[in-house]
Amino acid sequence: MMKKYLWSFALSAIVLAGCGKKEELPAPVAAPVASAPATAPVNTEEKVLNIYNWADYIPDGMIATFEKETGIKVNYDSFETNEALHAKLVAGNSGYDIVVPGSVFAKPQIEGGLLQALDKSKIPNLSNLDTPMMATLAKYTDPDNKHLVPWAWGFTTVGINKNKVAKALGETPMPENAWDLVFKPEYTSKLKSCGIAYLDSPTEIIPVALHYIGKDAYSNDPADYKLATDMLAKVRKDVRIFSSTMIDDIAGGKACVAIGWSGDINLAADRAKENQSKDEIEAMLPNTGALIFFDTIAITKDARHPNNAHAFIDFYLRPENAALMANEMNYPTANKAAMHLVNPEIAANKTIFVESDYLAKMIPPSSFSNEAREAMANAYNSFKKGK
Ligand code: SPD
């Protein structure tokens, strides 16, 4: 228990440190209103809730439990990239009440008025969240925690099928830096035979490429994107797949190495075991660090069912539901009250709940200006087309 507390505090400290602050104690988070009014207002909304979340991010049965308990019918759709969600929000009238942007995009979405402030009196379970993590989110993404509640966090890294990679590399030993496997021609030229997959998103690939070449992963300078794509161009011919479905790509044998998300790579590992495959799949901890992300629940500005949305957020923040997400989806939760319900096997997995020594090497999330994202998309598209 104590170890887990230290872990969450360490994450907050790392994120603060990465943002140029030294050992500063997190600002206290405003206490959520925990008690319901004497007479709770009646929810007169139609009993519908439209949710748009990342693929493979919710345990089976969680929606059915919510529907049974509340009588609210949930329409649940999924997306694969922050860009896809962002485009829907910018276009307006998405029809979604709840969305789950990565914090990199949530910040400009808040600033652009695309998300509404939460009514904290309707979310008493906010008090279950880890205070230092909420302070971090407040400081760098969502001042006063007005709009966002963490769904989960994780990191972008390299996932491998160990046996296939070893076979394809032959005499060449594994590199010290796992990013070499996807960015260095010496390795990609060998691994192309068993399949290299990249996430299909400018804001996923350019930041890890920037980090690899020693630049700020969250640089807003288009000149840095040019340096990143110059590096990427050298391995472009070796990349077989651009997709955000690394679970299928790796577990299904289409790729032996992928740039992907920690939890999804661990899900691919679980799937291989379920299928009694000999393949051993592993989320790597590159010695130069990996990129941390936070995915956050928010209510859209034009949500037609905001009361139902608040009810779902409060439901998700129950310790048993947050723990179920961690246990089944392999992503750490920011719900401190859920930590004692996380399976020991998941809590002990160092590629899910990474140790504080490795956390110190990780790159904390930040965000990009709208102009930078546009420049990044252009650079990425040229790279992808091989131009
Ligand atoms: N299967 C759920 C994947 C969630 C990934 N979110 C990643 C955001 C990183 N930029």
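Modeller: Before we begin, helices and strands here are DSSP runs, a helix having at least four residues and a strand at least two, and both are numbered from the N terminus. Please keep in mind that this is a predicted model.

Biologist: With that in hand, where is Phe368 found?

Modeller: Two helices frame the answer, namely helix H16, which covers residues 356-359, and helix H17, which covers 370-385. Phe368 is found in the loop between H16 and H17.

Biologist: Is Phe368 buried or exposed?

Modeller: A residue counts as buried when its relative accessible area is under 20%. The relative accessibility of Phe368 is 4%, and therefore Phe368 counts as buried.

Biologist: How many residues apart in sequence are Phe368 and Lys107, and how far apart are they in space?

Modeller: Along the sequence, 261 residues separate Phe368 from Lys107. In space, taken from C-alpha to C-alpha, the distance between Phe368 and Lys107 is 9.0 Å.

Biologist: Turning to the strands, in which sense do S1 and S2 pair, parallel or antiparallel?

Modeller: Strand S1 is made of residues 48-54 and strand S2 of residues 73-79, and 7 bridges join them. Within this pairing, Ile51 stands opposite Tyr76 in S2. The sense in which S1 and S2 pair is parallel.

Biologist: What is the handedness of the β-α-β unit that S1, helix H2 and S2 make?

Modeller: The unit includes helix H2, residues 62-70, along with the strands S1 and S2. With the strands pointing away from the viewer, a path that runs clockwise from the first strand over the helix to the second is called right-handed. The β-α-β unit of S1, H2 and S2 is right-handed.

Biologist: Which residues form a disulfide?

Modeller: A search of the whole structure finds 1 disulfide, and its two sulfur atoms are 2.0 Å apart. The pair links distant parts of the chain, 62 residues apart, with one partner in the loop between helix H8 and strand S6 and the other in the loop between helix H11 and strand S8. Both partners are buried, and they are Cys194 and Cys256.

Biologist: Finally, how much of the area that the ligand exposes when taken alone does the protein bury?

Modeller: The residues surrounding the ligand include Trp54, Tyr57, Trp261 and Phe293. A nitrogen atom of the ligand is 2.8 Å from an N or O atom in the side chain of Glu204, and for Asp264 such a distance is 2.7 Å. Taken alone the ligand exposes 340 Å², and the part of this that the protein buries is 96%.

Methods: Residues numbered from 1 in each chain as written. Predicted model: local features only at pLDDT ≥ 70, side-chain atom pairs only at ≥ 80, totals over all residues. Heavy atoms only, no water. Pairing = 2+ DSSP bridges. Disulfide = S-S within 2.5 Å. Buried < 20%, exposed > 50% of the residue type's maximum accessible area, 1.4 Å probe, protein only. Near = heavy atom within 4 Å. Polar contact = N/O pair within 3.5 Å; in protein donor to acceptor, adjacent residues only side chain to side chain. Areas by Shrake-Rupley, 256 points an atom, 1.4 Å probe, with all protein chains shown as cover.
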